[in-house]
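Please look through the sequence and the structure below before reading on. The report after them is meant for a reader who is meeting this protein for the first time.

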Amino acid sequence: MALDTAKETDTMKTGVPSARRRRGALMVLAAAVTLALSGCKGGDLVSYDLPAKSARYTFEARTNDVNTVWHYTSATATKDDAPKLSPCMGEVVGSDEAACRPEPLIFLRYDFDLALDNTVKAGEAHEITVVGYYQERLTALPKVTSLKAETTFDGGRTWRPATTRATGKNTFTTTVKNPRRDQAAKGVGLRISATDSQGNTVRQTIPTAYTLR
């Protein structure tokens, strides 16, 4: 898995790697980082010094063919906001004892409602449930306020909007009008864009969400 580092999108330059770790930043994608570390030679952990003031960041991760890009606002934590069962990376590696919290990244969970052979019937409308969620905090979490879905039947060359509606807390249902099987020979791709109440966003692109039968 290729894991790209967080990048600032304001006027300041990204910090250089340092032995000093800001635990708030290292909480970004803790599960994904753990997986990435398992494949790193010698278990190396790359970290960056980030400005204390609030700034806008971009974080990008690619797992196999799935690409996810987050835009979020973060500043140095003034008090601990991470449950003991989900400690910050600084605690895990024993490198930093400063206050920390999870970064406000929106994660996405899907229910594609697939058949036993992991396919969906061609030529019919099909509903997909998408749930937004966050790493646990001690304080209240943001709310996912909007979600947009797009589909592709030609491997990502063209994208078309899919009807989406809110169906619960942080939960949305999108309806995909599946084409004939020969019109989506490589399957149906999905691109989801979501925004929360704090202005944080995520865009996740799944080149092949499912195939048709």
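The sections below go from the overall make-up to strands, charged pairs, aromatic rings and one loop residue.

## Overall make-up

The model described here is predicted. Its secondary structure comes to three helices and twelve strands, and of the 213 residues in the protein, 45% are buried. Among the contacts whose partners have a separation of 6 or more, 69% are made by residues that stand 24 or more positions apart.

The surface can be described in a similar way, since the protein exposes about 11600 Å², and carbon and sulfur atoms supply 51% of that area.

## Strand β11 and its two partners

Strand β11, which covers residues 188–196, is mostly covered, with eight of its nine residues buried. One partner of β11 is strand β8, made of residues 144–152, and the two run antiparallel and are joined by eight bridges. Within this pairing, Ser193 in β11 has Lys148 standing opposite.

The strand β12, spanning residues 201–212, also pairs with β11 in the antiparallel sense, here over seven bridges. Ala194 has Val202 in β12 as its bridge partner. Together β11 and β12 form a hairpin in which four residues lie between the strands, and Gly199, found in the turn, has a positive phi of about 85 degrees.

## Salt bridges

Side chains of opposite charge can pair when their charged atoms come close. A search of the whole structure finds five salt bridges, and three of these are described here, beginning with the pair that involves β11. Arg191 forms a salt bridge with Glu150, and the closest N and O atoms of the pair are 3.0 Å apart. Because Arg191 lies in strand β11 and Glu150 in strand β8, the pair ties together parts that are 41 residues apart in sequence. Arg191 counts as buried, at 17% relative accessibility, and Glu150 counts as buried as well, at 12%.

Another salt bridge joins Lys121 to Glu124, with the closest N and O atoms 3.5 Å apart. Lys121 is partly exposed, having a relative accessible area of 44%, and Glu124 is also partly exposed, with a value of 40%. In a further pair, Glu60 forms a salt bridge with Arg62, and here the closest N and O atoms are 4.0 Å apart. Glu60 counts as buried at 18% relative accessibility, whereas Arg62 is partly exposed, with a relative accessible area of 38%.

## Aromatic rings and the charges over them

A pair of aromatic rings is described by the distance of the centres and the angle of the planes. The count for this structure comes to six aromatic pairs. In one of them, the rings of Phe59 and Trp70 have their centres 5.8 Å apart and their planes at 55 degrees, so the pair is tilted. Phe59 lies in strand β3 (residues 55–63) and Trp70 in strand β4 (residues 66–74), so this pair ties together parts that are eleven residues apart in sequence. Both Phe59 and Trp70 are buried.

The ring pairs also form a wider group, in which Phe59, Trp70, Phe107 and Tyr133 are linked into a cluster. Tyr133 has a charged neighbour too, as Arg109 lies over the face of its ring, at 4.2 Å from the ring centre. Elsewhere, the charged end of Arg191 sits over the ring of Trp159, at 4.3 Å from its centre. Arg191 therefore takes part in two of the arrangements described in this report, with its charged end over Trp159 and a salt bridge to Glu150 in strand β8.

## Arg181 in the loop before β11

Where does Arg181 have its place? Arg181 is found in the loop between β10 (171–177) and β11. With 55% relative accessibility, Arg181 counts as exposed, since the cut-off for that term is over 50%.

Leaving aside neighbours within four places in sequence, Arg181 is in contact with Ala122, Leu212 and Arg213. For one of these partners the spacing is also given: Arg181 and Arg213 are 32 residues apart in sequence, while their C-alpha atoms are 6.5 Å apart in space.

Key: Residues numbered from 1 in each chain as written. Predicted model: local features only at pLDDT ≥ 70, side-chain atom pairs only at ≥ 80, totals over all residues. Heavy atoms only, no water. Buried < 20%, exposed > 50% of the residue type's maximum accessible area, 1.4 Å probe, protein only. Pairing = 2+ DSSP bridges. Salt bridge = Lys/Arg side-chain N within 4 Å of Asp/Glu carboxyl O. Phe/Tyr/Trp six-rings, centres within 6.5 Å; stacked < 30°, edge-to-face > 60°. Lys NZ or Arg CZ within 6 Å of the ring centre and 35° of its normal. Contact = heavy atoms within 4.5 Å. Areas by Shrake-Rupley, 256 points an atom, 1.4 Å probe, with all protein chains shown as cover.
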